Amino acid sequence: MAKVEVKKLYKIYGHHPKKVFTLVEKGMSKEELLKKTGHGIGVNNTSFQVEEGEIFVVMGLSGSGKSTLIRCLNRLIEPTAGEVIIDGQNIVGCNNETLLEIRRKKVAMVFQHFALFPHRTVWENVAYGLEVQDVELEQRRKKAYSALEAVGLEGYEESMPSQLSGGMQQRVGLARALATEADILLMDEAFSALDPLIRKEMQDELLALQSRMKKTIVFITHDLDEALKIGDRIAIMKDGIVVQIGTPEEILNNPADDYVKEFLQDVNRVKVVTASTIMKKPDAIVSSKDGARVAVRKMKESGISSIFVVDKERHIQGIITIDDALSLLKEGINNIEGIINKDIHTTSPDTPIVDLLPTAINTKYPIVVTDEDNKMIGIIVRVSVLTGIMGEENSDV
Amino acid sequence: MYRIPIGDYFDALIEWLTDNLEPFFNGIKTVIVTIIDGFEMLLIAVPAYVIIAIIALIAWKVAGRKIAIFTAIGLLLIHNIQLWEETMETLSLVFTATVIALVIGIPLGIWMARNNTVERTVKPVLDFMQTMPAFVYLIPAVIFFGLGKVPGAVATIIFAMPPVVRLTNLGIRQVPEDVVEAAKSFGSTDKQLLMKVQLPLATPTILAGVNQTIMLALSMVVISAMIGARGLGEEVLKGVTQMEIGKGFEGGIAVVILAMVLDRVTQALGSSKKARTG
């Protein structure tokens, strides 16, 4: 079961959202609705599921409705229609007590501009979520201190937020969300207000924390590199509509429309596209049992000057060249064991292109992609690396 | 052309109020008289030097040494020119009016901040209270409450209350939206949001409102004296009406000293709060 499920969610702004709802449901566009009725659309017929332990990134430009969407998940903004199901419970239209309970125990939020309470010390900020639940003082303090330790802020418990740098303030924001031990974290542009170096540091730390804590995270951002880095899956929003949901690679390689494509233009593809995307089936391989004659024939048939050698379980053995094979035949030897060049490069399918580049430049043979049992699953020729960077790996090259 | 008889309507209203709400006005009168007399008795019963010492000590704690010294010298001067009792009477009236203005004004300001309709309704009423010349409601106040300190206190409350209402409203509305969202997102009830986040963050602004309310209350001292409230206003009025310019000036000086002491102390209260929350 999904941890968070959003079904046909709508948020319409204006004086009579319910009245114009049918127009939106019939598919009237954002501009048209604004012109005709003066109502704005924040979220338009959005559905998605977030699995337990997943980092689900919602990205879009400002005004795309992503901040509205995340606020519908804990009803800081009241949805106009649709369902938000958290742990099997629809919170749209639930009573006040249930909502408070969900906000206190299940969902915690981290804000773009930190939103710390300036009149409280760091640890009192972190303990706020426990304080509203009337957890007793010593318990509060203990949990707040350990949450601060988890984000690397021990020693700052008694400071005031204004004494801390931006990055440290957002650590406090993160600790505050961790302190209630909620399973679900909503992070609204949590790192966008930080300068690039600190942002990168925080992203790494979030990933490290996540590998220990296994929270379910909905992360909003307008920064594609950030989305690609931390997202297990990404939803791309435009005008309140989710135009595509997929893993970073799925989105990069099959952008749903021009809007998404435009987004992806500036992406540093070398960090995202992996070996498995750009590898291809080798034109031909030989088994080490095969003789030189077979190898030469296969190379001639495929028009190649070297061929990879595998054993019968497809474990990679090495490569032989046509010149070596021909001279072997001249000497009348058919066994190719002696001429196998073992000096080849292998890589795993999820290695990003950026790590393949140095090898691709220096080697004269293709790079072999192997699975964890060292079985050959594909090869990467130099030209595929280049087309992978250009983003044309699906066209025929 | 037809002239709308606003004046006649108002006359009728006052008449109706006097006829029908007398017990209500008597109730208010009793409450106000009790509070003012209580303050007065206390302030006059305790020896002047003790009170001067206490006020100077408070000034020291809140606003620092310089203002404490100024407070002590100022109050001693008042005592020296033999206006101590009058000053205490005035202080009682100002205190009472301020306390009542705060008791009504702060909750009203909170309500305004949380409800846009209330804000839209109350704002013009506040404009009315602040700009309508005081004499206009002074006379009805006398009709309702008779001569003396009560109508003075009521007029003072009406005139002095708007700033604290406005600034309470403003202070709460100025709390950043995302901080309010943060408090809500962790499951605060409305009351927890108000008590733990909004009011603490609005306190410096509310205290500025309290300061303004006290100052406006003091500025009504002479006007109140015209309808029989005693104290420093009466001294000033005597000075003006009986051509005793020197005496009037002394009364005026005492009002100024009182105003400066109250202003500096309450202002320091607000800014020290601000410094802490930075």
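Biologist: Happy to look at this with you! How close do the axes of helix α5 (residues 84-114) and helix α8 (residues 149-173) of chain B come, and at what angle do they cross?

Modeller: In this predicted model, the two axes come within 6 Å and cross at roughly 35 degrees. The crossing of α5(B) with α8(B) is right-handed. The residues in this contact divide into 17 nonpolar, 5 polar and 2 charged.

Biologist: What makes α2(B) roughly perpendicular to α8(B)?

Modeller: The axes of helix α2 (residues 22-45) of chain B and α8(B) cross at roughly 100 degrees, coming within 10 Å. Angles of 65 to 115 degrees count as roughly perpendicular, so α2(B) earns that description relative to α8(B).

Biologist: Which residues make that contact?

Modeller: From α2(B) come K29(B), I32(B), V33(B), I36(B), D37(B) and E40(B), while α8(B) supplies K149(B), V150(B), A153(B) and V154(B). By class, the contact of α2(B) with α8(B) has 6 nonpolar, no polar and 4 charged residues.

Biologist: Let's turn to chain A. Why is V151(A) called buried?

Modeller: Buried means under 20% relative accessible area. V151(A) has 0%, so this residue counts as buried. V151(A) sits in the loop between α7 (137-150) and α8 of chain A. Setting aside residues up to four places away in sequence, V151(A) touches R171(A), L174(A), A175(A), L178(A), E205(A) and L209(A).

Biologist: And what makes K214(A) exposed?

Modeller: The cut-off for exposed is over 50%. K214(A) has a relative accessibility of 53%, and therefore counts as exposed. K214(A) is in the loop between α9 (196-213) and β8 (216-221) of chain A. Its phi is near 55 degrees, a positive value in a residue other than glycine.

Biologist: Why is D239(A) called partly exposed?

Modeller: Partly exposed covers the range between under 20% and over 50%. D239(A) has a relative accessible area of 28%, so partly exposed is the right label. D239(A) belongs to the loop between β9 (233-238) and β10 (241-246) of chain A, and its phi, near 50 degrees, is positive in a residue other than glycine.

Biologist: One last thing: which residues have the most contacts inside the largest nonpolar core?

Modeller: They are M187(A), F219(A) and V197(B), in a core of 106 residues. Helix α8 (residues 166-179) of chain A contributes the largest share of this core, 7 residues. Beyond its neighbours within four places in sequence, M187(A) has contacts that include I70(A), V110(A), L174(A) and F219(A).

Terms used: Residues are numbered from 1 along each chain as its sequence is written. Chains are lettered from A and ligands numbered from 1 in the order in which they are written. This is a predicted model: local features need pLDDT of at least 70, side-chain atom pairs count only at pLDDT 80 or more; totals for chains, interfaces and linings use all residues. Side-chain values use heavy atoms; hydrogens and water are left out. Axes are lines fitted to C-alpha atoms, for helices over the stretch in contact, and angles run from 0 to 180 degrees between N-to-C directions. Helices (H or I, at least four residues) and strands (E, at least two) are DSSP runs, numbered from the N terminus. A crossing is left-handed if the near helix is turned anticlockwise from the far one by less than a right angle, and right-handed if clockwise. Ala, Val, Leu, Ile, Met, Phe, Trp, Tyr, Cys and Pro count as nonpolar, Asp, Glu, Lys and Arg as charged, and the others, Gly among them, as polar. Angles under 35 degrees count as roughly parallel, over 145 as roughly antiparallel, 65 to 115 as roughly perpendicular and the rest as oblique. Contact means heavy atoms within 4.5 Å. A nonpolar core is a set of buried Ala, Val, Leu, Ile, Met, Phe, Trp, Tyr and Cys residues joined through side-chain atoms within 4.5 Å. Buried means under 20% relative accessible area, exposed over 50%, partly exposed in between (1.4 Å probe, protein chains only).
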